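Trainee: Could we go through this one together? I keep meeting words in structure descriptions and would like to know what earns each of them.

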Amino acid sequence: MTQPVRDEIRRVLSEHGRLPVAVSSLSDDADLFQAGMTSHASVNVMLGLEDAFDLEFPDRMLKRSVFESISSIAAALGELAPEQAA
Amino acid sequence: MDSSRSVGFDLVALGEVEEAIACFGDRYLRRVFTEAELYAYRGNAARLAACFAAKEATIKALMPSVTEAVPWQSISVPSSGSRNPSITLTGQASRLARRRGISHLRLGLSRTGTTVGAVVIAMRHTATER
């Protein structure tokens with residue numbers, strides 16, 4: 001995934017993640033739930049990502065491992081983008 | 001620890017639900033809640049927050065693996081405002097409960113002016129029950 005994609009993920013996390021720390025202070029592999037993201041905030045992040053990237057997370061991706069870090073979100077988006085463009 | 005039971009707990013701030021409704025509206029509601037829940041709660045943020053907390057507490061009590069998806073729609077709590085709220089499982093949540101041997105779920109809810117908490121106790125079949 002490109003840097004602009006990761007930057008956009010960080011923007012969505014800043015807007016909807018309700019994290020008690022600055023997103024800029026987190027590494028791409030930092031555990032977002034350990035950093036304070038709640039289960040409900042992850043729903044808002046998911047919907048924000050869908051708006052930002054014009055895609056939809058399928059039921060099979062509604063799991064903690066997809067939203068636990070910027071890297072895991074980027075990997076899921078990378079999987080979804082070509083899948084939903086097909 | 002008693003292996004015949006597992007416990008799930010979740011806290012939801014009402015502000016999170018209000019933000020989701022304000023930002024994402026119907027798309028949020030229909031993604032997370034069942035038709036029965038939407039009919040029962042009619043956009044009441046406090047009751048929707050209780051319902052979501054109950055769903056998340058249920059997921060934790062079912063103990064899915066970190067790679068296992070449990071859609072919120074497969075857990076229905078159409079009575080979270082009542083004195084005896086109940087949980088109904090369908091689809092993936094129901095399959096996971098069967099795999100774990102869970103036969104009963106008990107839900108407790110509590111709230112302050114800003115936060116709702118839910119605890120779910122999942123009880124498994126015992127040898128004498130089988």
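Mentor: Let's begin with the sheet of chain B in this predicted model. Its three strands lie in the order β1-β5-β4, the pairing is antiparallel, and the sheet is open.

Trainee: What makes β1 and β4 of chain B the edge strands?

Mentor: Each of them pairs on one side only. Look at the order β1-β5-β4 of chain B again and you can find both at the ends. From one strand to the next, the twist averages 15°.

Trainee: How do you know that β1(B) and β5(B) pair?

Mentor: Two strands pair if there are at least two bridges between them. β1(B) and β5(B) have nine bridges, in the antiparallel sense, so they count as paired. You can pick out one position yourself: B:Val12 stands opposite B:Val116 in β5(B).

Trainee: And what joins β4(B) to β5(B)?

Mentor: Nine bridges, between residues 102–111 and residues 115–124 of chain B, and these strands run antiparallel. That meets the cut-off of at least two bridges, so this is a pair as well. B:Leu105, for instance, has B:Ala122 as its bridge partner in β5(B). β4(B) and β5(B) form a hairpin, with three residues between them.

Trainee: Now the helices. Why is α1(B) called roughly perpendicular to α3(B)?

Mentor: Take the angle first: helix α1 (residues 14–32) and helix α3 (residues 45–62) of chain B pack at about 75°, with their axes 10 Å apart. Angles of 65 to 115 degrees count as roughly perpendicular. The value falls in that range, so α1(B) is roughly perpendicular to α3(B).

Trainee: Which residues make that contact?

Mentor: On α1(B) they are B:Leu14, B:Val17, B:Glu18, B:Ile21 and B:Val32, and on α3(B) they are B:Ala45, B:Ala46, B:Leu48, B:Ala49 and B:Phe52. By class, the contact of α1(B) with α3(B) has nine nonpolar residues, no polar ones and one charged.

Trainee: What does chain B offer to chain A?

Mentor: 18 residues of chain B are in contact with 15 residues of chain A. Elements giving two or more residues to this side of chain B are β1, α1 and α3. α1(B) gives the most, with nine residues. The side of chain B that touches chain A has 11 nonpolar, one polar and six charged residues.

Trainee: How do you know that α2(A) and α1(B) are roughly perpendicular too?

Mentor: Helix α2 (residues 39–53) of chain A packs against α1(B) at about 70°, with the axes 10 Å apart. Set that against the range of 65 to 115 degrees, and the two helices are therefore roughly perpendicular to each other. α2(A) passes α1(B) in a left-handed crossing.

Trainee: Which residues of α2(A) take part in the contact?

Mentor: They are A:His40, A:Ala41, A:Val43, A:Asn44 and A:Leu47, and they meet residues of α1(B) including B:Cys23, B:Phe24 and B:Tyr28. This contact of α2(A) with α1(B) has nine nonpolar, two polar and three charged residues.

Trainee: What confidence does the predictor give chain B?

Mentor: The mean pLDDT of chain B is 90, and 91% of its residues reach 70 or more. Among its elements, helix α2 (residues 35–41) has the lowest mean, 91, while strand β2 (residues 75–76) has the highest, 96. For the complex, the predictor gives an ipTM of 0.84 and a pTM of 0.89.

Technical notes: Residues numbered from 1 in each chain as written. Chains lettered and ligands numbered in written order. Predicted model: local features only at pLDDT ≥ 70, side-chain atom pairs only at ≥ 80, totals over all residues. pLDDT = per-residue confidence, 0-100. Helix = DSSP H or I, 4+ residues; strand = E, 2+ residues; numbered from the N terminus. Axes fitted to C-alpha atoms, helices over the stretch in contact; angles between N-to-C directions. Parallel < 35°, antiparallel > 145°, perpendicular 65-115°, else oblique. Contact = placed C-beta atoms within 7 Å. Nonpolar A, V, L, I, M, F, W, Y, C, P; charged D, E, K, R; others polar. Left-handed = near helix turned anticlockwise from the far one by under 90°.
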